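Here's a walk through some side-chain contacts and surface features. Have the model open and follow along.

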Amino acid sequence: MGVRLHRPQRVKDITSGWGWLGLLRLGLALSMGVYTLSYRPVPGHPPPPAVSPTALGLAALVFALGVAQLLPRLRASRAFAVAAFSVDAGAVLATLALFAFDPRRYLLALVIVIQAEGGVALGLLGGFLAWALTSAGYVAVEALSASTAGAPTYSIEVAIRIAVGLLLALGGGYLATELSGERTRRLAEREEEVRRLTEAEAKYRLLVEQIPVITYIDAIDRESSTIYISPQVQEVLGYSPEEWTEDHGLWAKLLHEGDRERVIAENTRTNATGEPFRAEYRLKARDGGVVWLRDEALLVTDEAGRPRFWQGVMVDITDRKRAEEQVAFLAYHDKLTGLPNRAMFEQLLDLALARARRFDLAVAVLFMDLDNFKLVNDSLGHAAGDEFLREMALRLSWAVRASDVVARQGGDEFLVLLADLGPKAEDGHRGAVESALAAAGRIHEALKLPFTLFETEFFITASIGVSLFPENAQDAATLLKQADAAMYRSKQRAPGESMVFATEALDPFSRLSLATRLRKAADHQDWVLHYQPIVNLVEGTVVGAEALVRWRQAHGQLLGPAEFIPLAEEMGLIASIGDWVIEELCPQWRVWADRGLDLSLSFNLSPRQLWQPDTVPKLLRQIAAAGADPSHLIVEITESTAMRDPERTQRILDELHEAGLRLAIDDFGTGYSSLDRLRNLPVDVLKIDRRFVRDVPENPDAAMMVQAIVALSRSLSMQPLAEGIERPEQWTYLVELGCVLGQGFLFSPPVPPEEFLRVTDRKRFASVSKQ
C-alpha cells in the first residue's frame, strides 16, 4: 500500500523538467537495439563486417544518454538535452548509413523521431534548422543506399518522411515553447511556494520563540522526553533548551514533590488514552524558586492515525497563583495585621467545640476591646493607629500560647480562642476559668509596657470579656455574644479589666426570668425617680439634683440602675426608659420651680439615646410640653460615650447647648479623653468619678488626680463636681482645692421627690469650718 501511494509522485518527479526526453531517448535506444539484434540480411547482400556491434554500440550510447537525462541534477538541464540531441541525431544517421547496403533500407522511421526531438529541444527556429540538417543527412544516406545496394530511390516516400519530420519538428518546437513557459511558471510557483514556506517557518519560529509561553514537542514515552522546546524555558526555569533535550528525565526531576505523583499519573493516563493533557503544577527552577505552570498538550498522529508525538504549551501562572493565594488569605485574614479574621475564627471555634464535645474538654473565648483607642487616631493620625494595631497584634500573639488563636474582630476589637482546656482544676492543672483568666492576665501584663509611635510614648489598656463552653454556652454564636456582653460590662464597670460572663451574670434561668420581668416593667413603666442633692460645697446649700431611675419590683423592692441598666441596654429597652425619665423629670422641675426652688436637675443620656437621629428635637418637645426651663436642665454623658465617636457627639452636644441645655461629663478620669476634643466640647460641668474622691485626702495618687481634674476644669472654664463624698475630710479637702460642687451620701443618698423637699428645707448643711 505504501508503494502504490508513492508511485504517482515518483513518476511525476522523473518526468519533470527535461526528464521526459530521457524516457523518449530510452525508447529510441531500445528500438535501435531490438532492430539490430533481430536483423536478417537479404540474400545476395551480405552485411559489411562489424555492422551489428557498431549499431548496438550506437544504441547503447543513446541509451546511456537517456539514463543520464533522468538523473535529478540533469533533469532540469536544457544544455544537456541539446547536446544529447546532437548525439542522438548522429547515432540515428550513422545507423542508417551502416544499413545502407540493404536494399530494403533501414525499416525504422527514426529520422522523424529525431526531428521531433530537435524541435522540442531547440524550439521553433532551432528545430527548423535541425530538421533541415537531419533531412539533408537523410537524403545523403538514401543516395548512399541507392548506389551501394543498387536499389531505386523512392523520392515520394523520402519527401513524405521529410514533410512529416518538418511537421513534427515544428510541433515539437511549439510544444517546447509552451513547455518552457510552463516550466518557467512551475519554477516560479515552486520558488514562490518555497518563499512562502520559508516566510511561514520564520513567522512560526518568531511566534513560538517570542510569545510569553513555552512550546514543546515531547516523545510518547514514559519520561515524556523532549524533542524540541522553545527558548523561553530558560527565562522561566533557568534551564537551556539543550539541557531539556539531552536529559530526558529532567521534567520529572523538576516536578514539585507535592505535585509529582498526581502529574505523572495524569501523564501516564493520557499517553495510554491519547486524550489531551491538561494540568497545573509546580516546577523547581534552577535558582531554587518554584514556578507554577499551566501545561496543555495534544497528541499529533500521522495519516493512518498512529501517534507521532505530543505538542503542547506551558504558561507561567505564578503571578496568578500568588494572587489567588492572596485572595484566599485575605478571605480569612485581616489585611492590616495578618491575623485571622472573624470568619476564620468562627471556623476554628466550631472545630474546637467539636473536639471539646468528643473528648469532654472546655473552650474559652476572650473578646477584647482597646480602651480609648480613638485617642491614638485623633492625636497621632490614622497611620499611627494602623501601626499601633499591628504592634498590638504582635503583643497579643506573644502573650498567648502557641496553640491559641488570636484574631481581629475589626476596628480595635480582638478575639482569642483557647481550645482543648481541662473543664475543671485537678491534679495541679488549671480549670477552664483559671486558664482563661490567666490568659487575660498575660494580655494585661503585656499592655503594661509602653507603646512608642513616631517618637511618642503612651500606654493603653484593654477590657476583656470571657465566655466558656460548656459552662456558659453550647454553640459558637452564643459564646461570642456572651464574651462581647462581658467585655461591654467590663468596659462600663472596670475599664482595663477582665470579666467572665458566668461570674457577673445570674444563672441562665434567673437571667431569663429577669429579662422577662424587665420587658414587662418597660411595658408597664414600673420605674420611679430618686434625686440625689448637688451641694454648693462652700456655702453648704442645695443647688440641684441628679435624677436616678429605680425599678419597682412587684413585691415593692427597688432595684438600682446597676442591677438592670446593662441588661436593658442589651435588650434595646434603654431608649424607652430614658424617654420615661425625661417625661417624669421635666414636670417635677416645674413643680419645684412653682414652689420657689431654684434648682438645676441633671439626668443621664445613654449612648443609644444620644445617637438617635431625632434626639434633640424629641428632647426639646418633651421639655416644652412640661413647661421646663432648658437652662435649668443638665444632660450628663459618660466620658467614654463622649470619646467613642467625637465628631458625631460634638455635633449633637452643640445642638443641645444651642437649645439652652447645660452639659456635663460624668465619671471623668476613668477614660482617656483627648484634651483637644474636650476643649472643643460645649461642656459646663466635669464630674470627678467617685473612685478618685473615695481615697482623698489620704491617698497621694488619688489626691493628685483630683487636683489635676479640678485644675483642668478651671482652665477649660468648666465647673468641677465631685461624686461620692462620704466623709467630712473629703469635703474639706475638695473646698481647699477649689471644687465648688459635690454630691454624696455625706449630704444625702438618692431619695424620692417628697423626701428631697425635706433635704432642701434644711436650707444649708453644716459649713466646712464647723466640721
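## Charges over rings

The charged end of K321 is parked over the ring of W292, 4.5 Å from the ring's centre. R395 does likewise with F451, its charged end sitting over that ring at 3.7 Å from the centre. To count as sitting over a ring, NZ of Lys or CZ of Arg has to be within 6 Å of the ring centre and within 35 degrees of the ring normal.

A word on the source: this is a predicted model, so local features need pLDDT of at least 70 and side-chain atom pairs count only at pLDDT 80 or more, while totals for chains, interfaces and linings use all residues. Residues are numbered from 1 along each chain as its sequence is written, and side-chain values use heavy atoms, with hydrogens and water left out.

## Salt bridges

K321 turns up again in a salt-bridge network, together with R278, E280, R294, E296 and R320. A salt bridge here is a side-chain nitrogen of Lys or Arg within 4 Å of a carboxyl oxygen of Asp or Glu, and the whole structure has 30 of them.

Take E546 and K687, whose closest N and O atoms are 3.0 Å apart. This pair links distant parts of the chain, with E546 in strand β14 (residues 541-552) and K687 in strand β19 (residues 685-688), 141 residues apart. Strands (E, at least two residues) and helices (H or I, at least four) are DSSP runs, numbered from the N terminus. Both E546 and K687 are buried; that label means under 20% relative accessible area, with exposed being over 50% and partly exposed in between (1.4 Å probe, protein chains only).

K618 and D579 also bridge, at 2.6 Å between the closest N and O atoms. K618 belongs to helix α23 (residues 615-626) and D579 to helix α21, so the pair ties together parts 39 residues apart in sequence. K618 is partly exposed at 24% relative accessibility, whereas D579 is buried at 16%.

## Aromatic pairs

There are eight aromatic pairs in the structure. Rings of Phe, Tyr and Trp (its six-membered ring) pair if their centres lie within 6.5 Å; planes under 30 degrees apart are stacked, over 60 edge-to-face, and the rest tilted. W251 and Y281 have ring centres 6.0 Å apart and planes at 80 degrees, so they're edge-to-face. With W251 in helix α10 (residues 250-254) and Y281 in strand β3 (residues 277-284), the pair ties together parts 30 residues apart in sequence. Both W251 and Y281 are buried.

W592 and F756, on the other hand, are stacked, 4.8 Å centre to centre with 25 degrees between the planes. W592 is in helix α21 (residues 574-594) and F756 in helix α30 (residues 753-761), so this contact joins parts 164 residues apart in sequence. W592 is buried at 2% relative accessibility, and F756 is buried at 0%. Add Y531 and you've got one aromatic cluster with W592 and F756.

## A nonpolar patch

Out on the surface, L124, L125, F128, L129 and L170 make a nonpolar patch of about 470 Å². Patches take residues with over 30% relative accessible area and no salt bridge, joining like charges within 9 Å and nonpolar side chains (Val, Leu, Ile, Met, Phe, Trp, Tyr) within 5 Å. Areas come from the Shrake-Rupley method with a 1.4 Å probe; for residues, only the protein chains shown count as cover. Helix α6 (residues 110-149) supplies the largest share of the patch, four residues. F128 is found in helix α6, and is partly exposed at 38% relative accessible area.
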